[in-house]
Amino acid sequence: MKCIICDSAAKSYFTTDFSVHFGGRFRDQLNKSEYYKCSNCGFTFSKNVYEMDYNSWCELNLKAHSEFESQNVKSRLTNQPPYLAQAAMINMLIEDRIIGGGQQ
Ligand SMILES: [Zn+2]
């Protein structure tokens, strides 16, 4: 598989089994996720999520984020993703034409 950022070779890195991970709550949308790591830039991505059709990805994204965001802040086991920083980075990559910005 090729890196979705720099088009270099990416190799299998690890696999997450969502039939058990997160108590299996996302297994209907994503059973297993195989992650690949780029040999050039180090970017790591899920092959399964990348290849998922748009509607399935939207369903998984909404389910996962709705569950996470509805938890009490003090009971969360992980930090909230840096949404603003991620959005700014993606916007910069689109503006500089490093990645495409079109919807599938
Ligand atoms: Zn890369």
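In this predicted model, helix 3 is followed by R97, a residue whose phi is positive, near 60°. R97 is a residue other than glycine, and its place is in the segment after helix 3. With 8 other C-beta atoms within 10 Å, R97 is exposed, because a residue with 12 or fewer such neighbours falls in that class.

**Overall architecture**

The chain contains three helices and three strands. Read along the sequence, these elements follow the pattern β-β-β-α-α-α, with the strands preceding the helices. The C-alpha trace spans about 40 × 30 × 25 Å along its principal axes. Of the 104 residues of the chain, 5% count as buried. Among contacts between residues at least 6 apart in sequence, 48% join residues at least 24 apart.

**The sheet**

The three strands form an open sheet in the order 1-2-3, and their pairing is antiparallel. Its edges are strand 1 (10–17) and strand 3 (44–46), each of which pairs on one side only. Neighbouring strands of this sheet are turned against each other by 25° on average, direction ignored.

Strand 1 and strand 2 run antiparallel and are joined by seven bridges. Within this pairing, F14 stands opposite Y35 of strand 2. On the other side, three bridges join strand 2 (residues 32–38) to strand 3, again in an antiparallel arrangement. Here Y35 has S46 of strand 3 as its bridge partner, while K37 has T44 as its partner in strand 3. Y35 is therefore placed between two partners, F14 in one direction and S46 in the other, since strand 2 is paired with both strand 1 and strand 3 under the criterion of at least two bridges. As a general point, the side chains of a regular strand alternate between the two faces of the sheet.

**The connections between strands**

Strand 2 and strand 3 form a hairpin with five residues between them. In the turn of this hairpin, G42 has a positive phi of about 85°.

The loop between strand 1 and strand 2 contains F22. The phi of F22 is positive, about 55°, although F22 is not a glycine. Is F22 buried or exposed? F22 is exposed, because 12 other C-beta atoms lie within 10 Å and the exposed class extends to 12 or fewer.

**The helices**

Two of the helices can be described by their length and by their burial. The table sets the expected span of each, at 1.5 Å a residue, beside the distance between its end C-alpha atoms.

| Helix | Number of residues | Expected span | End-to-end C-alpha distance |
|---|---|---|---|
| Helix 2 | 16 residues | 22 Å | 22 Å |
| Helix 3 | 13 residues | 18 Å | 18 Å |

For helix 2 the end-to-end distance agrees with the expected span, and the two values for helix 3 agree as well. Helix 2 covers residues 54–69, and helix 3 covers residues 83–95.

Why does helix 2 lie largely in the open? Of its 16 residues, the number buried is zero, so helix 2 lies largely in the open. The number buried is also zero among the 13 residues of helix 3, so helix 3 likewise lies largely in the open.

Individual residues illustrate this. E69 belongs to helix 2 and counts as exposed, because it has 10 C-beta neighbours inside 10 Å. Y83 belongs to helix 3 and is exposed, with 9 other C-beta atoms within 10 Å.

**Distances between elements**

Two C-alpha separations help to place the helices. E69 and S46 are 23 residues apart in sequence and 22 Å apart in space, C-alpha to C-alpha. This separation runs from helix 2, where E69 is found, to strand 3, where S46 is the bridge partner of Y35. Y83 of helix 3 and E67 are 16 residues apart along the chain, and their C-alpha atoms are separated by 16 Å.

Note on methods:
Residues numbered from 1 in each chain as written. Predicted model: local features only at pLDDT ≥ 70, side-chain atom pairs only at ≥ 80, totals over all residues. Helix = DSSP H or I, 4+ residues; strand = E, 2+ residues; numbered from the N terminus. Axes fitted to C-alpha atoms, helices over the stretch in contact; angles between N-to-C directions. Buried ≥ 20, exposed ≤ 12 C-beta atoms within 10 Å, placed from the backbone. Expected span 1.5 Å × (residues − 1). Contact = placed C-beta atoms within 7 Å.
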